[in-house]
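The following exercises are meant to be worked through with the sequence and the coordinates side by side. Each task is followed by a solution in steps.

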Amino acid sequence: MNYQHLQQTWADFSVRITAFIELLGLDRLSLQADHAALRVNNNQTAQLLADEFSQYGEIISNNMINGRPILIIKLTEPLVLNKMQINCVELPFPSDKAYPVEGWEHIELVFPSQAQTCEALVAELIEHAPQLASIIDNAQAGVGKIKVKQSSPKGDNERLANPTIAFKANGICVKVHPHDIQTIIASEQ
């Protein structure tokens, strides 16, 4: 896998992820697209992609998160997802987990909120998108095709809480959190 392959697969990924956003009903909230994320299974591929992406943008963060480097690349030309522009790409170096498919895996959307915890974020999100209540309830009960994970990932120097809700199905994922990645990076300074 290389940069050219990712460019070629973006169109298919964006159709699938847009359909998933619509299925979740998140399209009605007019959320800002924060960044797109990749999954790779070996360090050589991750380094190759880091080098290639550096030609099309700038690495604005190289942080250790959960024991591995995760790069954030701010693109010179944004990726286009339906009517949204995505200015950053997240490139995590591999962990012990092997992914069945390497390449585009998820996008992250900003739901402006002052929530400090996942519970508060879920409550506020359901208030604005009530249809998500049954999806979240079904996932917690272990039924339904959509998996939901709540987390509060944090880089070594982050000072801003950014609870996250991830919706996963069919090998793709949409994550929702209160703050965009560039604000989080700025909080580290």
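**Exercise 1.** What span should the 22 residues of helix α1 have, and how far apart are its end C-alpha atoms?

*Solution.* The model is a predicted one. Helix α1 covers residues 3–24, and at 1.5 Å a residue its expected span is 32 Å. The end C-alpha atoms lie 29 Å apart, which agrees with that expectation. When tracing the axis, note that α1 bends by about 40° at W10.

**Exercise 2.** Describe how α1 begins, which of its residues are buried, and what follows the helix.

*Solution.* At the N-terminal end, N2 acts as the cap, with a side-chain oxygen 3.2 Å from the backbone nitrogen of Q4. Along the helix, the buried residues are Y3, L6, W10, F13, S14, I17, T18, F20, I21 and L24. Just after α1, G25 adopts a positive phi of about 80°.

**Exercise 3.** Which residues touch the most other members of the largest nonpolar core?

*Solution.* This core has 47 residues, and those touching the most other members are L26, F53, W104, I107 and F167. Its largest share, 8 residues, is contributed by α1. Leaving aside residues up to four places away in sequence, L26 touches, among others, I21, L109, L125 and V176.

**Exercise 4.** Why is there no bond between the sulfurs of C118 and C173?

*Solution.* A disulfide requires sulfur atoms within 2.5 Å. The closest cysteine sulfur to that of C118 is in C173, 13 Å away, which is too far for a bond. A search of the whole structure accordingly finds 0 disulfides. C118 counts as buried at 8% relative accessibility, and C173 counts as buried at 1%.

Technical notes. Residues numbered from 1 in each chain as written. Predicted model: local features only at pLDDT ≥ 70, side-chain atom pairs only at ≥ 80, totals over all residues. Heavy atoms only, no water. Helix = DSSP H or I, 4+ residues; strand = E, 2+ residues; numbered from the N terminus. Expected span 1.5 Å × (residues − 1). Bend = angle between axes of the 7 residues up to and from the residue. Buried < 20%, exposed > 50% of the residue type's maximum accessible area, 1.4 Å probe, protein only. Polar contact = N/O pair within 3.5 Å; in protein donor to acceptor, adjacent residues only side chain to side chain. Core = buried A, V, L, I, M, F, W, Y, C linked by side-chain atoms within 4.5 Å. Contact = heavy atoms within 4.5 Å.
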